[in-house]
Amino acid sequence: MHEMSLAEGIRSIVQDQAAKHGFSRVTVLRLEIGRFAGVEKPALDFAFDVVMRGSPAEGARLEMIDLAGQALCFDCMKTVEIADRLAPCPLCGGGKLIPNGGDEMRIKDMEVA
Amino acid sequence: MCTVCGCSDTVTADGRVISHDEAHRLGLPHSHAPAFQPAPLPFPHVQAGHDHHHYGQGAAGVSVPGLTQARLIEVETSILAKNDALAQGNRRVLDALGVLALNLVSSPGSGKTTLLCKTIEALGDAPLAVIEGDQQTSADADRIRATGARAIQINTGKGCHLDAQMVGAAIDDLRPRPQSFLFIENVGNLVCPAGFDLGEDAKVAILSVTEGEDKPLKYPDMFTASRLAILTKTDLAPHCDVDLELYEANLRRVNPGIEILRLSTRTGDGMAAWLDWLRARLAEKA
């Protein structure tokens with residue numbers, strides 16, 4: 001969706017963390033991205049390279065960990081895991097589901113030097 | 001100010017002092033004024049021939065002798081944490097004033113501004129203010145001001161959505177009156193504005209009947225994030241072979257809890273239900 005903005009957000013967090021923990025270089029940065037977060041991973045990878053230049057995370061390896069998509073089924077009222085946004089409920093076959101997990105996009109951790 | 005990166009007006013490029021916009025347009029390598037500081041969430045951009053960095057040089061990218069041992073720092077922070085914190089700040093201000101803030105989202109051309117103009121007319125003396133978001137032009141704010149309402153235009157430049165920082169600055173300028181309506185007309189875009197909290201009470205998705213019944217399925221995030229969907233231009237439905245029931249079914253498929261109104265600003269059908277909805281939500285803020 002707006003991967004450049006997300007990369008700017010990452011950069012800003014990296015800079016805050018660098019000031020707080022006193023490191024100068026990030027070697028690996030791990031993100032957790034929910035299936036319903038609407039993040040286009042190749043686009044974020046590209047934006048990351050561009051936006052991190054001149055920051056402690058310049059040249060860092062970006063790793064993205066997928067988190068499953070979760071939704072509440074309005075037919076059986078159970079929380080279920082679904083692979084895509086419009087998939088039916090795996091328990092009852094119902095088609096009215098609202099996501100209640102899997103929209104995460106956060107920095108999990110980073111390896112720094 | 002440069003619309004691409006938000007920094008100051010002139011730069012030195014190729015040994016000449018030229019406008020910053022011009023440097024970007026020409027793709028010339030250039031430096032930035034020392035006073036330039038990045039905004040919390042600067043406009044995203046990428047451009048060919050753009051071989052400079054937009055941010056302070058800082059201590060970045062330098063390896064420090066004696067500090068080579070790798071260590072792991074747990075961060076566990078949402079990428080949008082800054083935007084979310086600013087949005088919460090906006091929400092506290094608006095809640096304290098009892099202002100009902102609605103974030104109007106849709107594709108371009110769904111009739112957001114027309115609906116807003118008609119709504120302002122129909123609300124009569126009720127205090128309200130409008131924040132207009134578009135990539136370019138102040139055309140929409142001009143249309144709103146023509147109704148007598150107070151409006152601020154935000155031009156996002158290359159940006160595809162409003163963010164909480166932009167809206168916070170607009171709220172500071174507008175100073176909404178207690179117990180008033182604040183309409184935020186987002187950039188016409190069914191994708192990006194879904195992810196950015198502005199501090200609003202609710203997102204209201206506008207979907208015109210000429211857009212196609214499949215739009216909620218194709219762009220589910222926006223309709224999932226919205227509390228209310230308004231099907232607009234219903235007077236055109238007989239001419240477009242559209243199935244209004246299918247529109248509603250598809251909206252409920254991606255968001256079983258969504259409220260739906262049908263409306264035509266041209267005939268006025270549905271306006272009364274929309275105004276009732278607005279007044280009821282405002283009363284809840286008292």
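Which residue stands opposite B:Ala229 in β9(B)? In this predicted model, the residue in that place is B:Ala205, and the strand pair around it makes a good way into chain B.

Strand β8 (residues 202-208) of chain B runs parallel to β9(B), and 5 bridges hold the pairing. Strand β9 itself covers residues 228-232 of chain B and is mostly covered, with 4 of its 5 residues buried. It also pairs in parallel with strand β10 (residues 259-262) of chain B, this time over 4 bridges. Here B:Ile230 has B:Leu261 in β10(B) as its bridge partner. To get from β9(B) to β10(B), the chain passes through helix α8 (residues 244-254) of chain B, giving a right-handed β-α-β crossover.

Pause on that route at B:Lys233, which sits in the loop between β9 and α8 of chain B. Its phi is near 60 degrees, a positive value in a residue that is not glycine. Is B:Lys233 buried or exposed? With 24 other C-beta atoms within 10 Å, B:Lys233 is buried, because the cut-off for burial is 20 or more.

Let's step back for a moment to chain B as a whole. It has 9 helices and 10 strands, and 44% of its 286 residues are buried. Among its contacts with a separation of 6 or more, 68% are between residues 24 or more positions apart.

Helix α5 (residues 164-174) of chain B is the next stop. Its buried residues are B:Ala164, B:Met166, B:Val167, B:Ala170 and B:Ile171. Viewed down the axis of α5(B), these residues fall within an arc of 155 degrees, so they line one face of the helix. On the other side of α5(B), B:Asp172 and B:Asp173 are exposed. The buried residues of the helix pack against α2 (81-97), β5 (128-134), β6 (150-155) and β7 (181-185) of chain B.

Follow the chain onward and B:Arg175, just after α5(B), takes a positive phi of about 45 degrees. B:Gln179, in the loop between α5 and β7 of chain B, also has a positive phi, near 55 degrees. B:Gln179 has 15 C-beta neighbours inside 10 Å and therefore counts as partly exposed.

This region also brings us to the largest nonpolar core, which has 59 residues. The members that touch the most others are B:Val167, B:Leu182, B:Phe183 and B:Ile184. Leaving out residues up to four places away in sequence, B:Leu182 touches B:Leu94, B:Val99, B:Leu100, B:Ala101, B:Ala129 and B:Pro176. A second, separate core has 29 residues, including A:Val39, A:Ala57, A:Ile107 and B:Leu80.

Finally, look at where strands of chains A and B share a sheet. Its 4 strands form an open sheet with mixed pairing, in the order β2(A)-β1(A)-β6(A)-β3(B). At the edges stand β2 (61-67) of chain A and β3 (71-78) of chain B; each has a single partner strand, so one side of each has no neighbour in the sheet. On average, and ignoring direction, neighbouring strands of this sheet are turned by 20 degrees against each other.

Within the sheet, strand β1 (residues 26-34) of chain A and β2(A) run parallel and are joined by 7 bridges. One of the pairings puts A:Gly34 with its bridge partner A:Leu67 in β2(A). Helix α1 (residues 3-21) of chain A lies across β1 and β6 (105-112) of chain A together with β3 of chain B, and it runs at about 130 degrees to β3(B).

Technical notes: Residues numbered from 1 in each chain as written. Chains lettered and ligands numbered in written order. Predicted model: local features only at pLDDT ≥ 70, side-chain atom pairs only at ≥ 80, totals over all residues. Helix = DSSP H or I, 4+ residues; strand = E, 2+ residues; numbered from the N terminus. Buried ≥ 20, exposed ≤ 12 C-beta atoms within 10 Å, placed from the backbone. Contact = placed C-beta atoms within 7 Å. Arc of directions from axis to C-beta. Pairing = 2+ DSSP bridges. Right-handed = clockwise from strand over helix to strand, strands pointing away. Axes fitted to C-alpha atoms, helices over the stretch in contact; angles between N-to-C directions. Core = buried A, V, L, I, M, F, W, Y, C linked by C-beta atoms within 7 Å.
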